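Please follow this account with the sequence and the coordinates at hand. It treats enclosed spaces, then open ones, and ends with a sheet.

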Amino acid sequence: MNEFLDLPALSGARGKVRLPGSKSISNRILLLCALASGETRIRGLLESDDTRVMLDALHRLGVQGLRDGEEYRVQGAGGAFPVKYASLFLGNAGTAFRSLTAACAMSRGDYTLSGVARMHERPIGDLVDALRQAGAVIDYTENEGFPPLHILPHEEGASEITVKGHVSSQYLTGLLLCAPLLGREHTVSVDGELISKPYVDITLKLMSRFGVEVKREGWQRFVIPAATYQSPGEIEVEGDASSASYFLAAGAIGHGTVRVEGVGRDSIQGDVRFAEALARMGAEVGFGRDNATSWIECRLGCGDKLQAIDLDCNHIPDAAMTLAILALFAHGTSTLSNIGSWRVKETDRIAAMATELRKLGATVEEGADFIRITPPAKLTPNVEIDTYDDHRMAMCFSLVALGQVPVRINDPKCVNKTFPDYFEKFASIGQRGVLAT
């Protein structure tokens, strides 16, 4: 029997939420710690399915790590993984699969990488093609261009590599993170437009924290020096800006004020710019800092309703899903474009979002890389939302309850991928009864 969660009709939202650590930052830091010389203490590491997948894989590859109170300690290998034969099951963790593909390809070992059925439907051919240019020996064990993969010790390859940039920025991130393992300077060029540039920027800034400075020429060419990562000693994971979007949106829909703690204006995460989109829609957004804690807060502005938005979402691909829900509560038709990467995520998010929004009464047009949403005059109550084993679908559609309609979320535990206690945090800000003002 499928599990579900019934959310009651909510009339408002207000309160404070402490964010979990960023998934994107957590998994990048774990890999950098593993490859670096020295021990690194990590504070604020996200505890979720995706980080557990990465930690388990690193352990199998010979990297030692342990929980020490509120910190996690990782003893780096000072280069390539010490274990040269391993079979890794990586679930549906894209950040782990793409970066570990690159790391294993450059570690001179015999590795097999596999995942759940959906991961085997997510393309990886562009990354494999780029790694082969660098001398990697990689075979597809089932379907060409898709996992599972069999990786053998690499050969001498070119010092200039080209990777396509229009499908996933995780391919470029994997190459950048792992190029130092090759022992000489490498240049990575991007063929076509690079999507999700802020995520690549996170990668570059974290590499710098570990002592490797990449020379970036626009977003088309990256020169990675011959260097060995050095532990910074300790590092802290920011709160997750993508997760912040749900609570900030709740403040806008439910009048607020809702404050998220752990991320602020100076975040290295691109999804912090979701706040700009909220302001364009008519919400009031504020930033601040109390002692060592940064925060963002949001509430509905002077109008009684948000305004529709037409936005190129290349810079906030994950948080853009939350904008699709906000469109239900806006005057007019909203268009979210440059979201082609949604098609190759945990599910085809454009198709899934369109299907579930239509259940609520919205008129939806979908294209290869856009979605256009016209809200209904009134939301359809008691809708069952299917989540497609996609954590972001579950968290996004929880916001529908703030339209004063009950909603059922199927398979709510899929949020364990990045935010295991999401629904408890959401319940803490939801209000029933008279509309909050």
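In this predicted model, the largest cavity is lined by 22 residues. Those nearest its centre are Lys23, Thr95, Gln170, Asp318 and Lys345. The space within this cavity amounts to about 230 Å³. Helix 1 (23-35), helix 3 (94-105) and helix 5 each contribute at least two residues to the lining. Sorted by class, the lining of the largest cavity comprises 9 charged, 8 polar and 5 nonpolar residues.

A search of the whole structure yields 4 cavities of 30 Å³ or more. The second largest cavity holds about 80 Å³ of space. Asp318, already named for the largest cavity, also belongs to the lining of the second largest one. Other residues of that lining include Ser22, Ser24, Tyr199, Asp240, Gln269 and Arg392. Helix 6 (197-209) and helix 7 (241-253) each supply at least two of the lining residues. The lining of the second largest cavity consists of 5 polar, 4 charged and 3 nonpolar residues.

Helix 1 and helix 6 appear again in the open spaces, since each provides at least two lining residues of the largest pocket, as do strand 14 (234-236) and strand 17 (293-300). The volume of this pocket is about 770 Å³. Its lining numbers 33 residues, and Arg43, Glu236, Val237, Glu238 and Gly239 are those nearest the centre. Nonpolar and charged residues account for 12 each in the lining of the largest pocket, with 9 polar residues besides.

The second largest pocket encloses about 410 Å³ of space. It is lined by 18 residues, with Lys305, Phe329, Leu402, Gly403 and Gln404 closest to its centre. Here the lining divides into 12 nonpolar residues, 3 polar and 3 charged.

Helix 5, which contributes to the lining of the largest cavity, leads on to the sheet. Four strands form an open sheet with mixed pairing, in the order 10-11-13-12. Strand 10 (160-164) and strand 12 (215-217) are its edge strands, each pairing on one side only. On average, neighbouring strands of the sheet are turned by 20° against each other, direction ignored. Helix 5 (residues 169-178) packs on this sheet and touches strand 10, strand 11 (186-191) and strand 13. The direction of helix 5 makes about 160° with that of strand 10. At the other edge, strand 12 pairs with strand 13 (residues 221-224) in the antiparallel sense over 3 bridges. Glu217 stands opposite Arg221 of strand 13.

Technical notes: Residues numbered from 1 in each chain as written. Predicted model: local features only at pLDDT ≥ 70, side-chain atom pairs only at ≥ 80, totals over all residues. Heavy atoms only, no water. Pairing = 2+ DSSP bridges. Axes fitted to C-alpha atoms, helices over the stretch in contact; angles between N-to-C directions. Contact = heavy atoms within 4.5 Å. 1 Å grid on protein atoms, 1.4 Å probe; cavity = no way out; pocket = protein on both sides within 12 Å on 5 of 7 lines; lining within 4 Å. Points joined across faces, edges and corners; volume = space filled by probe spheres on them. Nonpolar A, V, L, I, M, F, W, Y, C, P; charged D, E, K, R; others polar.
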